[in-house]
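Subject: Structure handover

Hello,

Here is the structure I promised to pass on. Please open it first, then read my notes below.

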Amino acid sequence: MAEASVLEKNEVRTKTMQKHKVIMCNDDTTSFQCVIDILMKIFGKTEKEANLIALSIHKAGPNGKKVVAEYSSYSIAKMKAQKGMNYAKSEGYNEFTIIVK
């Protein structure tokens, strides 16, 4: 009986890490190429992946949104989102938005 209680105390419980979603929002001004550049340069997508994601955001319409990445660390997700928005602003696209949930 003592062995059973020792085993129970030594059980390792794994906790599922929450994933923080990085969501890119469609707008009427940001160029398709700018979105592709952000997806490739900041989120590490291939050219093919970036094109497919950008197209799906575009097809979603004016208020369309698309999850482009998920991170277990909120701070990494937030940093990537901020880098993406800063890049868009540096290219003259001030309305471009990325949110983290």
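Start with strand E1. E1 is mostly covered, with 5 of its 6 residues buried. Please keep in mind that this is a predicted model.

**Strand pairing**

E1 has two partners in what follows. With E2, E1 pairs in the antiparallel sense, over 6 bridges. Within that pairing, Lys21 has Glu70 in E2 as its bridge partner. E1 also runs antiparallel to E3, and 4 bridges join these two strands. There, Ile23 stands opposite Ile99 in E3.

**Two residues of E1**

His20 lies in strand E1. Is His20 buried or exposed? His20 has a relative accessible area of 12%, so it counts as buried, the cut-off being under 20%. Leaving out residues up to four places away in sequence, His20 touches Ala69, Glu70, Tyr71, Ser72, Ser73, Tyr74, Ala77, Val100 and Lys101.

Now look at Val22. Which residues does Val22 contact, beyond its neighbours within four places in sequence? They are Phe43, Lys66, Val67, Val68, Ala69, Tyr71, Ala77, Ala81, Ile98 and Ile99.

**The core**

Val22 comes up again here. The largest nonpolar core has 24 residues. Val22, Met24, Ile38, Leu39 and Phe43 are those with the most contacts inside it. Which elements give two or more residues to this core? There are three strands and three helices to find: E1 (20–25), E2 (65–71) and E3 (97–100), along with H2 (32–41), H3 (47–59) and H4 (74–90).

**Helix H2**

Several residues of H2 are buried: Cys34, Val35, Ile36, Asp37, Ile38 and Leu39. What covers the buried residues of H2? The cover includes E1, H3, E2 and H4.

Gln33 is also found in helix H2. Gln33 is at 45% relative accessibility, so it counts as partly exposed; that class runs between the 20% and 50% cut-offs. Measure across to Ala54 if you like. Gln33 and Ala54 are 21 residues apart along the chain, and their C-alpha atoms are separated by 8.7 Å.

**Helix H3**

Ile57 is the residue to click on here, and it is found in helix H3. Ile57 counts as buried because its relative accessibility is 5%, which falls under the 20% cut-off. Its contacts, leaving aside neighbours within four places in sequence, are Met24, Cys25, Asn26, Lys66 and Val68. Take Cys25 from that list. In sequence, Ile57 and Cys25 are 32 residues apart. In space, C-alpha to C-alpha, they are 7.2 Å apart.

**The pocket**

Last, the open space. Rolling a probe the size of a water molecule over the atoms shows where empty space is left. How much space lies in the largest pocket? About 190 Å³. The largest pocket is lined by 14 residues, and the closest to its centre are Asn26, Asp27, Thr30, Val35 and His58. E1, H2 and H3 are the elements that give two or more residues to the lining. H3 gives the most, with 3 residues. By type, the lining divides into 7 nonpolar, 5 polar and 2 charged residues. Val35, listed above among the buried residues of H2, is one of those closest to the pocket centre.

Best wishes

Notes. Residues are numbered from 1 along each chain as its sequence is written. This is a predicted model: local features need pLDDT of at least 70, side-chain atom pairs count only at pLDDT 80 or more; totals for chains, interfaces and linings use all residues. Side-chain values use heavy atoms; hydrogens and water are left out. A nonpolar core is a set of buried Ala, Val, Leu, Ile, Met, Phe, Trp, Tyr and Cys residues joined through side-chain atoms within 4.5 Å. Buried means under 20% relative accessible area, exposed over 50%, partly exposed in between (1.4 Å probe, protein chains only). Contact means heavy atoms within 4.5 Å. Two strands pair if DSSP finds at least two bridges between them. On a 1 Å grid over the protein atoms alone, a cavity is a set of points where a 1.4 Å probe fits but cannot get out, and a pocket is an open set with protein on both sides within 12 Å along at least five of seven lines; lining residues have an atom within 4 Å of a point. Grid points are joined across faces, edges and corners, and a volume is the space filled by probe spheres set on the points. Ala, Val, Leu, Ile, Met, Phe, Trp, Tyr, Cys and Pro count as nonpolar, Asp, Glu, Lys and Arg as charged, and the others, Gly among them, as polar.
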